[in-house]
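Me: I should like to be introduced to a structure that is new to me. May I put a series of questions about how it is arranged?

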Amino acid sequence: MIPSIAPRIEINLAKIAHNAKILSKLFGSKGIQIMGITKGVCGSPEVAREFVNNGIHLLGDSNITNLKKMHEAGIKAEFVLVRTPALSEIELVFSYADISLNTELTVIKSLSDVATSNNSVHKIILMIEMGDLREGIMPANIVEFIQEVLHLPGVKIVGIGANFACFGGIKPDEENMKLLSELAIAMEKRFSLSLPYISGGNSANYNWFLTTKNTGQVNNLRLGESILLGRETLNRIAIPGLFTDAFSFISEVIESKIKPSVPYGEITQNSLGQTPHFKERGNIRRGILKVGFQDVLVSGLTPKLDMEILGSSSDHTVLDAKKVNLQVGDEVAFSLNYGAVLSVMSSPNVLKKYIHTLSANEQSQIQF
Ligand SMILES: Cc1ncc(COP(=O)(O)O)c(C=O)c1O
């Protein structure tokens, strides 16, 4: 028998496909199209293909090399760079993104120059600052900004958008969604524009979507976490009918011994430059895993069995195995949050294992 390899991440494509299909249907019922965000899976073509096969034809990523990867894997979709381009990557953005999100005139001028010299036009969505204070043009400056952009022959404004609950944790609500809609109407009228994309936010917009009586002009949401992990992102509550366990992380035990729970000797700094503190819990079974913070965001892992992560260095993670009689060679499985999925999918040291089926029990949970 071929031994299984750890560390590995197991990615259940059938579960992701199901989530994509349900969310496309749900948001589509009020005229909202989904842009599937692939950065959490490092632009995995396998995952992107499930998005496309289940109704998501617009794919967004914040990393241009991920867009290039999907492009080269033959994924048939419209590709969006969901981050304002860096001046150093304008040629790549022109080559691999059909649309990019933008907030800076210098960058847009550079995109226009590259597109013009290729006898082409690059499409842009202007991001509006609505309180979360990451990217965005202040609403008070948008008229002036659009006036400038309209002088540039190599770019076409195809939409406006806003982002929430990413940097400042600000919630998309009736007030800011209405403001975005009003801004869209005003800009279309003032500049005789047609804006096919009014992109209201991300997985944090789920509660607004469910409760609002009027989605206004918002006709697009950019969803990553809710498709991949089946949760909204204001409180990380599971979305009914979705799988929350499409990803599992598996690591291997390389040492298991009964030892004290508190390090002894003079305490100085650890490998992260921090002075650690540990709870006294007597002698415990300490399991060491062949994985560390160079491979995975350890704080985003939750053991599936009753064990506790005590800490990690770059290449070791130490567990309190509690009542589990861990042995060298055993595999330990974890569920992952979005940050942990993102770190593992980007790590060259972690094997990616794709699973294409559901168990009979999981199959019976699906209601269409
Ligand atoms: C601009 C932008 N839109 C959408 C998303 C997707 O967010 P979420 O995974 O919460 O749906 C992100 C983050 O990945 C983003 O940076």
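Reply: The questions and answers below concern a predicted model.

Me: Into which domains is the protein chain divided, and how far apart do their C-alpha centres lie?

Reply: The chain is divided into domain 1, residues 12-229, and domain 2, residues 247-336. Between the C-alpha centres of domain 1 and domain 2 the distance is 39 Å.

Me: How many residues surround the ligand, and which are the closest?

Reply: The shell around the ligand consists of 15 residues. The closest of these are N202, S203, R222, G224 and E225.

Me: Which elements each supply at least two residues of the shell around the ligand?

Reply: One contributor is a strand and one is a helix, and each supplies at least two residues of the shell. They are β9 (220-223) and α9 (225-229).

Me: How do the residues of that shell divide into nonpolar, polar and charged?

Reply: Around the ligand, nonpolar residues number five and charged residues three. The polar residues of the shell number seven. The division is thus five nonpolar, seven polar and three charged.

Me: Is W208 buried or exposed?

Reply: W208 belongs to helix α8, residues 206-211. A residue is buried if 20 or more other C-beta atoms lie within 10 Å of its own. Because W208 has 22 C-beta neighbours inside 10 Å, its class is buried.

Me: Which residues does W208 touch, not counting residues up to four places away in sequence?

Reply: W208 and P172 are 36 residues apart in sequence, yet their C-alpha atoms are 6.7 Å apart in space. With residues up to four places away in sequence left out, the contacts of W208 are P172, D173 and M177.

Me: At what angle do helix α1 and helix α2 pack, and how far apart are their axes?

Reply: Two packed helices are described by the angle between their axes and the distance between the axes. For α1 (residues 13-28) and α2 (residues 45-53), the angle is about 35° and the axes are 8 Å apart.

Me: Which residues make the contact of α1 with α2, and how do they divide by class?

Reply: α1 passes α2 in a right-handed crossing. The contact is made by L13, I16, A17 and A20 on the α1 side, and by E46, V47, E50, F51 and N53 on the α2 side. By class, the residues of this contact are six nonpolar, one polar and two charged.

Me: How many residues of helix α10 are buried, and against which elements do they pack?

Reply: Helix α10, residues 338-345, is mostly covered, with seven of its eight residues buried. The buried residues are Y338, A340, V341, L342, S343, V344 and M345. They pack against β1 (8-12), α9, β10 (247-260), β12 (301-303) and β15 (331-336).

Me: Which residues are joined by a cis peptide bond, and what is omega there?

Reply: Most residues other than glycine have a negative phi, and most peptide bonds are trans. P7 is placed in the segment before β1. The cis bond joins A6 and P7, and omega is about 5°.

Me: What is the phi of C42, and is the residue buried or exposed?

Reply: C42 is found in the loop between β2 (33-37) and α2. Although C42 is not a glycine, its phi is positive, at about 55°. Since 20 other C-beta atoms lie within 10 Å, C42 is buried.

Me: What is the phi of S192, and is that residue buried or exposed?

Reply: S192 occupies the loop between α7 (174-191) and β8 (197-199). S192 is not a glycine, but its phi is positive, at about 50°. Because S192 has 7 C-beta neighbours inside 10 Å, it counts as exposed.

Me: How far apart in space are P260 and L179, C-alpha to C-alpha?

Reply: P260 lies in strand β10 and counts as partly exposed, with 13 C-beta neighbours inside 10 Å. P260 and L179 are 81 residues apart in sequence, and the distance between their C-alpha atoms is 58 Å.

Me: Which residues does K304 touch, not counting residues up to four places away in sequence?

Reply: K304 is in the loop between β12 and β13 (308-312). With 14 C-beta neighbours inside 10 Å, K304 is partly exposed. K304 and F334 are 30 residues apart in sequence and 5.2 Å apart in space, C-alpha to C-alpha. Leaving out residues up to four places away in sequence, K304 touches A333, F334 and S335.

Technical notes
Residues numbered from 1 in each chain as written. Predicted model: local features only at pLDDT ≥ 70, side-chain atom pairs only at ≥ 80, totals over all residues. Domains from an automatic or database assignment. Near = placed C-beta within 6 Å. Helix = DSSP H or I, 4+ residues; strand = E, 2+ residues; numbered from the N terminus. Nonpolar A, V, L, I, M, F, W, Y, C, P; charged D, E, K, R; others polar. Buried ≥ 20, exposed ≤ 12 C-beta atoms within 10 Å, placed from the backbone. Contact = placed C-beta atoms within 7 Å. Axes fitted to C-alpha atoms, helices over the stretch in contact; angles between N-to-C directions. Left-handed = near helix turned anticlockwise from the far one by under 90°.
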